[in-house]
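Biologist: I have a model open and would like to learn how to read it. Could you take me through it, feature by feature?

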Amino acid sequence: MLDKWRLYKKINPNNPNPPKNKSLNGEISIENIKIIFENSDDIQYREIHFSNETLILIYFQNTIDIELVDNNILRPIMQIESTNCSCLPKDLTESNENNRNSDILSILERGIIPHTSNNIRNNLNDVITDILDCCACLISTKIKDRAITFDIKKIEKRNLTEPTNENIIKGSKEAFIENIKINTSLIRNRIKSADLKIKEFKVGNVTPTSISVLYMESIVDKIVLDKVLSRIKNINIDKMLTIADVEENIVCKKYSVFPQLIYTEKSEKLISNLLEGKIGILIDGFPVAYILPAVLNMFFQTPEDYSVNYFISSALRVLRYFCTVITIILPSFFLAISTFHQEMIPTKLAISIIKSKQGEPFPVLLEVMFMLLSFEILIEASARLPKTIGQTISIVGGLIIGDAAVNANFVSPSVVVIVAITGIAGFLMPNQDFANALRVCRFSLVILSGIAGLYGVSIGIILMFYYLSTMESFGVPYFTPFTSNDYKNINVDTIFRKPMTDMKAKTKVKR
Amino acid sequence: MTKRKLIYIFFTCILLGFIVLNSKIMPVKKELTDVELVKVIGMDLGTDEKYRVEETILRVSYQNQSTGSSPSTSGSPGSSGSTKYFIVKGQTFDDTIRTFQTYVNKSMSGSHIKYFLLGEEYCKKDMTINIDFNARDYEVRLNLGIYLTKGMAAKDFIAKVVNTDYDLDEKINSMEKNNEGKNVSYKLTVIDLIGYLSKKNSSFLMPTLRIISPKGDTSDSKDSNSENKKSNSEKENNIIQSTVVEKSENSETFFDFDGYAVIKDKVLTGYLNRQESITSNILKNRKGSTNIDIYEGEDNVLSFGMIGFNTKYKFKFDGDNLNEVIINTSFESNVDEAATKENIFKIDKLKYYEDKQAEKVKLQIEDVIEKMVEYKADFLDIEEKVMMSHPYKYKKIKDKWVESLVNAKFIVNVKCNIRRTFDIITLQDK
């Protein structure tokens with residue numbers, strides 16, 4: 001027996017009280033459907049008179065492909081009706097157990113309608129879900145226990161374009177788009193192996209959204225896979241509107257600022273990681289894929305690394321690691337040595353800094369905090385505004401305000417230089433989530449440095465390393481492979497990249 | 001919240017609380033602009049009993065600010081305009097620093113001091129007592145250089161030099177960098193000094209600086225200090241004197257390295273002249289080069305550049321007594337210059353010139369050894385070499401080392417090899 005109240009609440013979560021004097025009885029009837037979609041002006045009920053009975057095609061306008069409806073549903077039905085086909089039983093209205101396979105809906109579903117993606121639904125709940133999922137539903141006025149739904153949704157999609165955040169010079173420029181089916185097809189087209197498995201889920205009670213989990217069955221870590229699948233299954237949310245709805249529901253430490261999943265716009269990167277035994281997640285409506293488990297080393301790698309010479313690639317990775325240290329430590333280190341440990345500064349540099357600070361009213365701590373905050377404000381402002389205005393903001397903020405602040409003796413040029421180097425070093429991070437985490441660490445270290453100088457910085461770094469070493473991404477330690485006992489793997493594709501011929505896959509993928 | 005997290009938070013709070021609340025381990029917070037950077041400190045003995053010591057503190061000056069130009073203007077500080085230095089008196093050096101702090105509005109930082117200049121009179125007293133406070137200060141850098149101002153007080157030396165167009169510390173630094181060509185004296189660092197002062201009956205060489213007057217004569221301390229003495233006598237009752245020196249355009253006071261001072265038992269014992277200092281560097285295998293001139297007749301001079309010194313010591317014992325010290329020195333030389341019109345250099349005379357050079361260097365070495373014996377000071381660190389090569393025998397003569405060294409027979413062997421003659425041979429052959 002269908003729980004009518006539960007069904008109604010599910011369909012109308014914002015209006016839990018059903019209309020008075022109207023009741024749902026669980027039958028797949030036009031009356032029940034009309035009650036459920038009451039006040040929805042965009043729903044269409046198209047009546048088709050066929051033999052002695054009336055069929056009703058129900059759909060939301062603008063969400064289905066009208067051409068497919070005309071050609072694949074209406075035209076075959078009307079042609080049979082006009083030709084008075086002998087394949088039809090004499091009395092189509094009989095719908096008992098004996099002639100269940102010969103009623104009008106079964107006949108239509110079995111062969112008359114030339115559409116592959118159709119389903120027989122036996123309860124009202126499924127019918128409603130399909131209609132909401134932009135399918136067309138065909139019901140009979142006389143058959144109350146079944147309906148046929150046709151997946152003829154009109155897909156508005158953009159063309160495949162270059163990735164916006166992961167630019168590559170030598171290599172594929174193919175990037176994901178918002179359509180999960182096309183994204184999945186990009187992967188299938190490249191990995192021609194039966195070993196590639198794709199599990200599909202629906203997440204979101206009100207906005208059911210398709211999620212696909214991709215992995216290579218022969219090399220994937222089964223424990224990690226089970227964790228991922230169970231966590232996705234257990235997601236219970238009403239709306240699935242942002243990508244974080246999935247991310248924050250499946251990560252191990254949801255309060256951590258450090259990312260535990262790595263995202264990519266490039267199909268090539270996802271494919272590469274799948275072939276290394278990683279797991280990919282594609283979400284309908286988002287032009288990115290998640291890769292997991294994500295460890296620290298992965299945040300320093302870019303697809304470009306594998307397109308250029310191994311030596312150049314290794315040098316760039318070393319530069320990224322170096323810049324990570326710079327972007328975290330430099331402002332706090334400068335603050336510490338200029339406020340607490342002046343003896344560490346070379347004499348000429350100390351003289352230069354003192355000269356530049358003559359006549360300035362603020363202590364270095366305030367100067368550094370002020371400049372770091374200004375930098376963040378500029379980044380945020382240029383990100384929120386349209387591109388053309390954003391560039392203007394950068395120029396105005398960086399050059400004019402910066403220069404004016406220095407001339408007005410609000411900040412010293414040395415602090416401006418330090419913060420500029422810090423900011424630019426932070427832009428070298430290929431992953432924006434990781435770069436954001438580093439920004440948080442940078443501010444924390446500056447505060448600790450303002451309290452206790454280099455002692456504070458040291459304590460902050462120790463705590464940060466402690467925290468990172470306790471972190472796991474789906475059971476895999478965050479510092480993998482640096483903490484591994486297997487020393488041979490430490491230097492395969494971490495800080496340095498060996499030539500491709502020297503990087504042997506540990507497990508071969510089945511074809 | 002898990003038990004592990006609670007423990008983690010608990011210990012973090014304790015750690016942070018310990019740091020924040022315990023001011024003893026917290027570093028002192030002060031802005032860089034509140035620090036008085038000092039680049040040179042001169043140390044002298046006080047002229048009266050009331051103030052036992054005097055320190056001349058040469059601070060870093062920021063000329064661009066005093067002249068009102070933009071802070072971002074480049075240029076080395078002190079290169080023009082005025083330089084300020086302080087002469088501070090006190091019972092101890094600690095006392096002088098505290099006095100200095102009272103009279104300036106910034107806190108003094110010893111971390112940027114590059115040089116200690118020790119007055120001649122100052123070095124005649126026990127240095128262990130006098131230099132202890134400054135040398136062992138935690139702020140002082142271990143590579144800080146120590147020089148003795150030959151023939152004058154350090155304050156007089158500084159007073160003369162700040163009147164020039166160059167910075168005192170920059171000038172000494174430049175001289176140190178270009179010293180390989182002169183090979184006169186090498187920097188004595190504070191860590192070396194502490195090492196020597198910690199040893200009982202130690203002797204060592206301290207580099208000296210000497211003022212050179214505009215005409216090239218070395219100045220005498222009595223003459224050069226007359227004006228300063230006058231000004232000092234007027235203010236002798238002041239604990240601190242601050243002096244602003246306006247640099248004149250015709251400032252032509254120079255100074256240079258002037259060999260080594262011999263310090264024995266922490267007290268200035270005597271000096272080595274320039275040539276003896278060069279030879280002592282050869283005997284200590286210092287990396288550097290020098291030149292040697294060989295005269296042929298009155299006007300014909302061949303100048304050789306000497307490089308690659310290698311001196312080895314051998315010791316012969318008679319029982320437990322040090323009998324002989326054999327010094328084998330070898331070096332290479334290049335013909336740098338032939339100041340002659342005659343054909344004096346021929347390829348068959350190479351051996352002759354090698355022997356000439358060896359003979360000359362041998363005499364120089366013997367002069368240095370003579371000084372060593374005269375001062376009874378092992379400034380060539382022969383003791384260390386004996387200790388390394390004959391540890392058991394050294395133990396037996398350790399207590400009477402200086403006597404053993406002085407009574408030993410020194411045998412000097414010098415070998416020279418002319419390595420390059422450049423184009424001189426070719427020209428002469430033609």
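Modeller: We will go from confidence to folds, then domains, and finally the contact between chains.

Modeller: Keep in mind from the start that this is a predicted model.

Biologist: Then let's begin with confidence. What does chain A average in pLDDT?

Modeller: The general idea is simple: where pLDDT is low, the predicted coordinates should not be read in detail. Chain A averages a pLDDT of 82, and 88% of its residues score at least 70.

Biologist: Which elements of chain A have the lowest and the highest mean pLDDT?

Modeller: At the bottom is helix H1 (residues 4–11) of chain A, with a mean of 56, and at the top is helix H10 (residues 310–339) of chain A, with 94. There is also a stretch to treat with care: across residues 93–97 of chain A, pLDDT stays under 50. For that stretch the model has seven contacts beyond four places in sequence.

Biologist: Now the folds. How many helices and strands are there in chain A, and how many in chain B?

Modeller: Chain A has 16 helices and twelve strands. In chain B you will find 16 helices and 15 strands.

Biologist: And what share of each chain counts as buried?

Modeller: In chain A, 33% of the 511 residues count as buried; in chain B, 35% of the 430 residues do. Sequence separation adds to this picture. Take contacts between residues at least 6 apart in sequence: in chain A, 68% of them join residues at least 24 apart, and in chain B the figure is 76%.

Biologist: Could we zoom in on one helix? Which residues of H11 in chain A are buried?

Modeller: Helix H11 of chain A covers residues 347–357. Its buried residues are Ala350(A), Ile351(A), Ile353(A), Ile354(A), Lys355(A), Ser356(A) and Lys357(A). Look also just after H11(A), where Gly359(A) takes a positive phi of about 85°.

Biologist: On to domains. Where do they lie in chain A?

Modeller: Chain A is divided into domain 1 (4–150), domain 2 (180–294) and domain 3 (306–477). The centres of domain 2 and domain 3 of chain A, taken over C-alpha atoms, are 33 Å apart. Their contact takes 15 residues from domain 2 of chain A and twelve residues from domain 3 of chain A. On the domain 2 side, helix H7 (residues 222–233) of chain A gives the most, with four residues. That side divides into eleven nonpolar, two polar and two charged residues.

Biologist: How is chain B divided?

Modeller: Chain B has domain 1 (22–271) and domain 2 (273–429). Here the contact takes 19 residues from domain 1 of chain B and 17 residues from domain 2 of chain B. Strands S8 (203–212), S10 (254–264) and S11 (267–272) of chain B each give two or more residues to the domain 1 side, and the largest share, five residues, comes from S10(B). By class, the domain 1 side has seven nonpolar, nine polar and three charged residues.

Biologist: Last, the two chains together. How many residues does each chain give to the contact?

Modeller: An interface's size is often given as the accessible area lost when the parts come together. Here we can count residues: 23 come from chain B and 24 from chain A. Helix H1 (3–21), strand S1 (35–45) and helix H2 (63–66) of chain B are the elements that give two or more residues to the chain B side. H1(B) provides the largest share of that side, four residues. The chain B side comprises twelve nonpolar, eight polar and three charged residues.

Technical notes:
Residues are numbered from 1 along each chain as its sequence is written. Chains are lettered from A and ligands numbered from 1 in the order in which they are written. This is a predicted model: local features need pLDDT of at least 70, side-chain atom pairs count only at pLDDT 80 or more; totals for chains, interfaces and linings use all residues. A residue is buried if 20 or more other C-beta atoms lie within 10 Å of its own, exposed if 12 or fewer, and partly exposed in between; C-beta atoms are placed from the backbone. Two residues are in contact if their C-beta atoms, placed from the backbone, lie within 7 Å. Ala, Val, Leu, Ile, Met, Phe, Trp, Tyr, Cys and Pro count as nonpolar, Asp, Glu, Lys and Arg as charged, and the others, Gly among them, as polar. Domain bounds come from an automatic or database domain assignment. pLDDT is the predictor's confidence in each residue, from 0 to 100.
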